[in-house]
Amino acid sequence: MDHRRSNFDFRVDVARSDLHQTMTSAFTRVQHGAQLHPMLVMRLAAEALGALYRDMAAAHVQDPHCPCGWQPDATCDLDMLGAALAQQAVVPIPFDLRVMQPAGEA
Ligand SMILES: [Zn+2]
């Protein structure tokens with residue numbers, strides 16, 4: 001067993017869970033507070049992610065010696081992000097989420 005790979009997978013799972021919880025909380029809070037249509041709030045969330053990508057990519061272009069080694073390529077990076085969004089959007093909903101009441105009004 002490759003323990004480094006397992007540790008990497010564990011850290012990815014923790015990061016995925018943390019971001020999911022944080023974004024769900026932010027989405028619910030914003031939709032409740034602004035009383036906006038869920039798809040408009042989804043679009044605003046996508047815009048926020050796009051702005052985050054732009055800022056992170058710009059920081060890496062300005063500092064190509066960042067130890068992470070990322071060299072932004074908007075075409076490839078945005079294709080990957082779009083594919084990840086589309087893939088997660090069609091994943092079956094876990095049972096415990098199907099019984100949750102939607103927050104706010106649609
Ligand atoms: Zn970096």
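The mean pLDDT across this chain is 89, and 87% of its residues come in at 70 or more. As those scores hint, you're looking at a predicted model. Confidence isn't spread evenly, though: among the elements of the chain, helix H2 has the highest mean pLDDT, at 96, while helix H4 (residues 95–98) has the lowest, at 68.

So what is the chain built from? It holds 4 helices and 0 strands, and starting at the N terminus the order simply reads α-α-α-α. There isn't much of an interior here either: buried residues account for 1% of the 106 residues.

Here's a quick look at where some of the helices sit.

| Helix | Residues |
|---|---|
| H1 | 3–34 |
| H2 | 38–62 |
| H3 | 74–89 |
| H4 | 95–98 |

Take helix H3 for a closer look. From its first C-alpha to its last, H3 reaches 22 Å, close to the 22 Å expected for its 16 residues at 1.5 Å a residue. H3 is also hardly covered, with 0 buried residues among its 16.

Now hop back to the loop between helix H1 and helix H2, which is where you'll find Gln35. What is the phi of Gln35? It's near 55°, a positive value in a residue other than glycine. Most residues other than glycine have a negative phi. Is Gln35 buried or exposed? Gln35 has 9 C-beta neighbours inside 10 Å, so it counts as exposed, the cut-off for that being 12 or fewer.

Notes
Residues are numbered from 1 along each chain as its sequence is written. This is a predicted model: local features need pLDDT of at least 70, side-chain atom pairs count only at pLDDT 80 or more; totals for chains, interfaces and linings use all residues. Helices (H or I, at least four residues) and strands (E, at least two) are DSSP runs, numbered from the N terminus. The expected span of a helix is 1.5 Å times one less than its number of residues. A residue is buried if 20 or more other C-beta atoms lie within 10 Å of its own, exposed if 12 or fewer, and partly exposed in between; C-beta atoms are placed from the backbone. pLDDT is the predictor's confidence in each residue, from 0 to 100.
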